[in-house]
Each structure stands twice: as structure tokens, then as C-alpha cells.
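Trainee: Before we look at any detail, could we go through this model together, one question at a time?
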Amino acid sequence: MIKKVKGLWSYNVDNTEKWLSEMAIKGWHLTHVNRWTRTFTFEKGENKNVNYRIQFRQKNHSLPPTLQKAGWEIAVSSGKWLFLVNEEPTIRLYPSRDAYVKRNRTHAYVLSLLATLHISASMLPILLIGILSSAMEEENILGHNLGILLFFVAEIVLVAWFAIYVFRAYRRFEIQEFDAKIDSMLTGKKMRKFRGAWMYQLEETREWLERLAREGYELESVKAAIFTFRKTNPSNIKYECMFEYKVHPSYFATHKELGWQLKFSSNMTLLNYSIWAMHYENEEEMPQFSYDKQEQRQSIKRAFKMNLGMSIYLIFILSFSFYTNMLSKYEPFLAWSFGGVMRVLLFVFLLFWLYKFFQILFSYRRSLKALK
């Protein structure tokens, strides 16, 4: 018998499954898992080529008959975790990952929020020590509090690293499990174009992409506001720029099976933006993401509510910041100082988002009109 500790195994179950299979090939078979100490216990036995599958379940720990017929058995049960094993050479059916994805998504988002709040709070002592050190240089406050300063810095780095690790592990697994990989192109000269705040004008972005396709530029990928195109022959490509409050596990795979190519997906499956593409010939009917008018209308309304709410929030924050800056600085509007530069930037951004706010309204009315 041997015991091995694997710290963050629950955030990388695909790697953990490979590791368990490799141990089984060497003759070490899993017999117990302590989820609190992260300890795996193995017993020596026959060398076997088996497949493991780790499941997270809220209640029922019994295997459905369909999985049992496919050769799956429970090797170990620990709390809400099931470690399934299958010795069949060809596996026809795999257990669902939905509960596991939901669990890790919750962990990733909650940890990101808590890490942001914690880091913000931990920055206060660091700023306070810095301010006091500048104001009272003779007392060498920085030197006396160096240990405290280093502690808070180390804590911030550790918390940030853990939150980023969990989120990246979740996102990597989600892309693999949901089949959310971007369908890239390999040929054609690259061309990049900048389109700021495109998520707030989905219909106009779609028309822009389709016009470029007719000119011989096919979208390859999107990073933030940078659109990368490949030079091709002029063609008919139907694009769909979508927004969903929540993306279900089958969302990407289902539309890919229907022939749609994924060109962009935001890093979250909550409040998710995506761009899809499908080629079609002149004599063919233009493909649609959905042929249900009511469903199309609901999709337009979802994007409108999200974009309008975000624009109002940003306008409020920028207006408040601009007003506070004007009250706290007794100097001309245009002044060569930190406050003066910030004032101009806040004013420019405020005008930009006011412009976007009205664009969102006009775009929504135009989209509904086009749908009719």
C-alpha cells in the first residue's frame, strides 16, 4: 500500500484521471481518497490498462443502469465525489460532467470576487504605510514596518495566484468539455482591424463582418477589440453575434454539429458573448442561428438589456468620478497636473459612453424593425 498527496486535484480532474490510469498500468489501484487531506491510497495488484472518470454528485451516488452496461463501476466514493473505473477496451458512453462544471464555475467566480475584495482591503495598509513614510521621513516608518509590508504583499500575491489558478483551470476544462475551442484558419494573409465596444452593437458588428466577407476577408479570431481576418476569395458568410445570460454544456457542441464555426467566445459562460460563422452559396437559403422569430426577438432583448444596463452603470460611475474631480480640484478645467489629465480623460470617456448609450437604443429599435 502507498499513499500520495495531490493538492489541487479537484480543479484538474482530467489530469488526475490520467494519473490514476498511469498508476493502474504500474499495478497500483485506487482504494481510498481522503478529500480533506487530499491523500490517495493505492493497493498493489495486477497491471491493468483502465480508464478513470471522476464525478461530482450532490445526492445520488448510485450509477445509472446505462453506465453500468457501458462497463463503469464505482472504485471509490468520498463525500460527493465518485471515482469511476472502466476496464473495457472500447468505451461507448462516458458519465456526465455537468455537476462538476457547475461546482468549479461557482468556485471560480466566488473566489475571483473574494480575491478582488480581499486584495482591495489588503492594499489599504500598504498605501497607509507609504503615505506616512512620505510625510514623516525622519521617523523611518517604512523601515520599522517593512515586515508588515512584506507580509501584506506576500498575502496579496498568494491570494491572487490561487484565484487565477482556479479560474484558469476551470476555464481550460470548460473549453475542452463544452467543445468551445475557436475554429481557426490556417491559410490566407492576415489583416487586423480594431472595433471598440463592439459587444454593445451586435447587429452592426454582424453586418460589418458580412460586408468584409463579401470583400474577401474572413474572420479568424477576436481578442478584446482586435479582429483578425484572413484574405480569401469573396464569399457569402452568415455571422451571428450572440449574447446569453448562461451557456448550457451542449450550447457549443450542438451548434458546431449544425455546421456553425465558433470565432469568439468570452471567458465566462455566464453573461457570454460569442461570434459564429457559416458559409453558404448564392442559391442557398441564408442560414439562421434560430428560425423561431420569438426566439430571435428574445435574443435581441437579452443583449439590449445587458448592454443598456452596463452603459448606464458606466455613465453613472464616470459622472460621479468627474463630479468628484471637479469639486476636489481648485484649478482650471485644462491643467497640466494629474487631476487635470484625469479630468479630461473622464470627460472624454463620459461623452463616449453617452454616445454608446444612444447607439444601443437606436440599434435595438433597428434590430426589431429588421426582424419584422
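Trainee: Over how many bridges do β8 and strand β9 pair?

Mentor: This is a predicted model, in which local features need pLDDT of at least 70 and side-chain atom pairs count only at pLDDT 80 or more, while totals for chains, interfaces and linings use all residues. Residues are numbered from 1 along each chain as its sequence is written, and side-chain values use heavy atoms, with hydrogens and water left out. Strands are DSSP runs of E with at least two residues, helices are runs of H or I with at least four, both numbered from the N terminus, and two strands pair if DSSP finds at least two bridges between them. For β8 and β9 (residues 226–231) the sense is antiparallel, and the number of bridges is six.

Trainee: Which residue in β9 is the bridge partner of Val222?

Mentor: Val222 falls within β8, which spans 217–223. Its bridge partner in β9 is Phe227.

Trainee: Which strands stand at the edges of the sheet, and why is one side of each left without a neighbour?

Mentor: Three strands form an open, antiparallel sheet in the order β7-β9-β8. Each edge strand has a single partner strand, so one side of it is left without a neighbour in the sheet; these strands are β7 (190–194) and β8 (217–223).

Trainee: At about what angle does helix α6 run to β9?

Mentor: Helix α6 (residues 202–214) lies across β7, β8 and β9. Axes are lines fitted to C-alpha atoms, for helices over the stretch in contact (heavy atoms within 4.5 Å), and angles run from 0 to 180 degrees between N-to-C directions. On that basis, the angle between α6 and β9 is about 20 degrees.

Trainee: How many of the 13 residues of α6 are buried?

Mentor: Buried means under 20% relative accessible area, with exposed over 50% and partly exposed in between, using a 1.4 Å probe and protein chains only. The buried residues of α6 include Leu202, Glu203, Trp208 and Leu212. The helix is mostly covered, and the number buried is 10.

Trainee: Which element gives the largest share of the lining of the largest pocket?

Mentor: A pocket is an open set of points on a 1 Å grid over the protein atoms alone, with protein on both sides within 12 Å along at least five of seven lines, and lining residues have an atom within 4 Å of a point. The largest pocket is lined by 32 residues, with Glu203 and Glu240 among those nearest its centre. Elements giving two or more residues to this lining include α6 and α9 (338–371). The largest share, nine residues, comes from α8.

Technical notes:
On a 1 Å grid over the protein atoms alone, a cavity is a set of points where a 1.4 Å probe fits but cannot get out, and a pocket is an open set with protein on both sides within 12 Å along at least five of seven lines; lining residues have an atom within 4 Å of a point.
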